[in-house]
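Trainee: I would like a close look at the cysteines in this model, and then at what else can be said about its parts. Could you take me through that in one connected answer?

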Amino acid sequence: MFEINIDEIDLTKQPPIEEPQRQYYFMAKARKLVKELEQKLGRKPSSHVSTFGCQMNARDSEKLTAILEMIGYQMTEEETADFVIYNTCTVRENANQKVYGHLGYLKKQKEKNPHMLIGLCGCMMQEEAVVEKLKHSYRFVDLIFGTHNIFKFAELLSNRLESKGMIIDIWKGTDTIVEDLPSERKYPFKAGVNIMFGCNNFCSYCIVPYVRGRERSRNPRDIIREIEGLAKDGVVEIMLLGQNVNSYGKTLSEPMSFAELLKEVEKIEGIERIRFMTSHPKDLSDELIEVMKNSKKICTHLHLPVQSGSSRILKIMNRKYDKEHYLKLAEKIKAAVPDIALTTDIIVGFPGETEKDFEETMDVVRKIRYSTAFTFIYSKRTGTPAAKMEEQVPEDVVKERFNRLLTEVQTIGAEEAKKAEGKEDYVLVEEENSQLAGYMTGRLSNNMLVHFPGSQELLGKLIKVRLKECKGFYYIGERV
């Protein structure tokens, strides 16, 4: 792991060109500027990071938080902080409206605090129309950057701290992956690890490839080195992250499959559990299924988004598989890993969806029997091909179908969970239960939650429990 003491950096010299040394130079510079602000305020400046969206965004926010702490900010949950940054999502248009609503609140806070800075980053900032709107209607925002240059955060913040006015730095795309930047983990015993960035799939309803850019895989040596460092630091569970982890390695100069990467990760001493998401059905190989079958560390949970059970709709969605392929794939996975818990994403009301198409989706749900499904009502996303499609399904029809699907998913999920009642299994203890006094909460390998009597010294440990009672989507357990 790259290590540097930023207090020893000579700021009289020009900043380095190489990364990440350049960013550590600007962390040192920002630290000096924040110290000056601290003397002016008579207290330590505060900062707040709000994360909207997916686990990729959450991982990015861990990096932002670590840099802010390193340069001298005190983190707070309050949006009245001296520096507030929103790491934005843009998967749905209402996510954008949510950010604009928050900005209205921040404008009033900034009028009360002349030293307050406001930063915006993430997927929403990759949209030209959004940046134009911010430039004209939200002039009080200080810092705007996107997904491709998040590694430049220290440099951009440093520049804003010694100047006035809005700083905008948006990249259209990049091949750059900068390693060895600070990161602040939410849990000491589990961590997310990016293995790739971007997406090449261009599903017709999805904005992600336009805002996250094309696929680019991290060097496997850098991934292994990072995980080895996490293991030494007490991490026992890792989540490998990518928009489509199954296509990992295709952009490397020496290609390596995702299955091959998993085999290397499994060798790392100290790592007890391996999770990954998200998997695209079109790229899930027999090689990967074989690795999952033989693994002692890969968790018995696979998130495999289907989106629709209709082959006709799947073609319009540009998903590159049909219903038959998906069902055969699920069958293969279940045969190889009999205790696997499959979860999925489903969109209801995609343009042109008929009752017959919807029944095809219900058929898939009944045949596969998902542990749970994340169900979404289709909403137009400006900038995607689906937004221009005719035959948008009437709202009342969509809602009725959505409710039927939800009932089916919940009924099947509860029935599947009930099968484990009375069995013994291991949980990774994650937190003290906020609802039940004297109880801890842990997660099974299949991702289900278990609440059981215990105390804080169990945090981060793998504990054997008996699943006494199934409560639908969680269990009440007891230590064995």
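Mentor: In this predicted model, a search of the whole structure finds zero disulfides, and the cysteines themselves show what lies behind that result. For cysteine 121, the closest cysteine sulfur belongs to cysteine 123 and lies 9.3 Å away, which is too far for a bond, because a disulfide requires a pair of cysteine sulfur atoms within 2.5 Å. Cysteine 470 is likewise in no disulfide, its nearest cysteine sulfur being that of cysteine 299, at 19 Å. As for their surroundings, cysteine 121 counts as buried, with a relative accessibility of 0%, and cysteine 470 is also buried, at a relative accessible area of 10%.

The position of cysteine 470 leads on to an annotated region: the unreviewed UniProt entry carries the annotation "domain: TRAM" for residues 418-480. In the model that span is 56% strand and 2% helix, and its end C-alpha atoms lie 19 Å apart.

A residue from another part of the chain, glutamine 55, can be described in similar detail. Glutamine 55 is found in helix H2, which covers residues 55-70, and it counts as partly exposed because its relative accessibility is 38%. Once the neighbours within four places in sequence are left aside, glutamine 55 is in contact with Met239, Leu241 and Met277. Its C-alpha also lies 14 Å from that of serine 279, although these two residues are 224 residues apart in sequence.

Notes. Residues are numbered from 1 along each chain as its sequence is written. This is a predicted model: local features need pLDDT of at least 70, side-chain atom pairs count only at pLDDT 80 or more; totals for chains, interfaces and linings use all residues. Side-chain values use heavy atoms; hydrogens and water are left out. Helices (H or I, at least four residues) and strands (E, at least two) are DSSP runs, numbered from the N terminus. Buried means under 20% relative accessible area, exposed over 50%, partly exposed in between (1.4 Å probe, protein chains only). Contact means heavy atoms within 4.5 Å. UniProt positions are given in the numbering used here, feature names are shortened, and annotations may be inferred rather than shown by experiment.
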